[in-house]
Amino acid sequence: MAASSQSCGVCDLRHIKKPCIVWCTECDEGLCSDCKEHHSLSKSSRSHSVIPIAEYQKLPADVLKITHTCIVECHKECREIVELENIIRNAKSSNAMCEIEESLVEIAENLKKIRQHQQDNLLTFKEKRKEIEKELKKTRMKINNHLDKLQEDLMKQLNELEEKENSKICQLMASLEKKEKEIGECQNSLLNIKKHATDLQMFLSIKQIEEDVYSKEKKLQALVEGKEQHTLSYQINTSIQNIISDIREVLGKCVLNLIHAT
């Protein structure tokens, strides 16, 4: 709309600046409150349709550029020319207008459906994310429970080995302590014989002492024979190592799947 349409067209001709409050679509100009009253009473314009200027300004800019003219005025010499008023009289109720309105309704409905579909898609994404998160936690729990069971079995085996070897070592130490005490007693006995026995007694006792010492030595050898020192070690299952190697980077993969609309 031109800048002049912001003021009353009639008052502009009188060089008076007054803002228009309505727009006459047939006169194609704005009217102030005073001119509006005269316009509505005048015989030539009382049947004209006027709209509030605010409503008129809501029309698209391309529509506002179109002015109310008669084709006949531009084609006075032409024959069989139909007046513009006769052509545009039923424009608002024409088939073309109905088709446009129906198309707009259909487009609006399609947009609404698409928007609703995308809204549903957002909810689906949220629900699927929760399902995947739940499945991940469930898988993690299964792995943890399985590993806990394997660890429990391995710790049981470890404790049994430790207790068994500890029992063997304690028995050996008890036997060694007993033999150590016997050897000590033998040493004290030999020392007393050397101090207090006669040479004859010493000579006759040596053979018996040698036999006792030899017997104790053989028993000691038999006691410690096969009693090598042991220690505990752990050999990891190669399958576990392979699993660790295989899932070093990712636990799985999240992908987008295309759902065809029905």
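**View 1. Glutamate 131 is partly exposed, with a relative accessible area of 47%.** The model shown here is predicted. Lysine 128 is the salt-bridge partner of glutamate 131, and the N-to-O distance is 3.6 Å. Lysine 128 is partly exposed too, with a relative accessible area of 46%. Partly exposed covers the range between buried, under 20%, and exposed, over 50%. Why do lysine 128 and glutamate 131 sit about one helical turn apart? Both belong to helix H7, and they are separated by about one turn because they are three residues apart there. Side chains of opposite charge can pair when their charged atoms come close.

**View 2. Glutamate 133 and lysine 137 form a salt bridge in helix H7.** The closest N and O atoms of the pair are 3.7 Å apart. Glutamate 133 and lysine 137 are four residues apart in H7, so about one helical turn separates them. Which of the two counts as exposed, and which as partly exposed? Lysine 137 reaches 54% relative accessibility and counts as exposed. Glutamate 133 stands at 33% and counts as partly exposed. The cut-off for exposed is over 50%.

**View 3. Lysine 168 meets glutamate 165 in a salt bridge.** Their closest N and O atoms are 3.9 Å apart. The cut-off for a salt bridge is 4 Å, so the pair at 3.9 Å is counted. Lysine 168 and glutamate 165 are three residues apart in helix H7, which places them about one helical turn from each other. Lysine 168 is partly exposed, with a relative accessible area of 43%. Glutamate 165 is partly exposed as well, at 24%. Elsewhere, Arg129, Glu133 and Lys137 are joined into one network by salt bridges that share partners. The structure holds ten salt bridges.

**View 4. A nonpolar patch lies on the surface.** Which residues form this nonpolar patch? They are Ile100, Leu104, Ile107, Leu111 and Ile114. Together they have about 500 Å² of accessible area. Isoleucine 114 lies in helix H7, which spans residues 95-196.

**View 5. Three strands make an open antiparallel sheet.** In what order do the strands of the sheet stand? The order is S2-S1-S3. Strand S2 (29-31) and strand S3 (50-52) are the edge strands. Each of them has a single partner strand, so one side of S2 and one side of S3 lack a neighbour in the sheet. Neighbouring strands are turned by 35° against each other on average, direction ignored. Helix H2, residues 33-41, packs on this sheet and touches S1, S2 and S3. The direction of H2 makes about 105° with that of S2.

**View 6. Strands S1 and S3 are joined by three bridges.** S1 covers residues 22-24 and runs antiparallel to S3. Which residue of S3 is the bridge partner of tryptophan 23? The partner is isoleucine 51.

**View 7. Histidine 15 has a positive phi.** The phi value is about 60°, although histidine 15 is not a glycine. Where is histidine 15 placed? It lies in the loop between helix H1 (9-13) and S1. Histidine 15 is exposed, with a relative accessible area of 76%.

**View 8. Aspartate 28 also has a positive phi.** Its phi is near 60°, in a residue other than glycine. Aspartate 28 is placed in the loop between S1 and S2. Is aspartate 28 buried or partly exposed? At 25% relative accessibility, it counts as partly exposed. Buried would need a value under 20%.

**View 9. The whole chain has nine helices and three strands.** From the N terminus on, the elements run α-β-β-α-β-α-α-α-α-α-α-α. How much of the chain is buried? Buried residues make up 9% of the 262 residues. The accessible surface of the chain comes to about 23200 Å². Carbon and sulfur atoms account for 56% of that surface. Among contacts between residues at least 6 apart in sequence, 42% join residues at least 24 apart.

Key
Residues numbered from 1 in each chain as written. Predicted model: local features only at pLDDT ≥ 70, side-chain atom pairs only at ≥ 80, totals over all residues. Heavy atoms only, no water. Pairing = 2+ DSSP bridges. Helix = DSSP H or I, 4+ residues; strand = E, 2+ residues; numbered from the N terminus. Axes fitted to C-alpha atoms, helices over the stretch in contact; angles between N-to-C directions. Contact = heavy atoms within 4.5 Å. Patch = residues over 30% accessible without salt bridge, like charges linked within 9 Å, V, L, I, M, F, W, Y side chains within 5 Å. Areas by Shrake-Rupley, 256 points an atom, 1.4 Å probe, with all protein chains shown as cover. Salt bridge = Lys/Arg side-chain N within 4 Å of Asp/Glu carboxyl O. Buried < 20%, exposed > 50% of the residue type's maximum accessible area, 1.4 Å probe, protein only.
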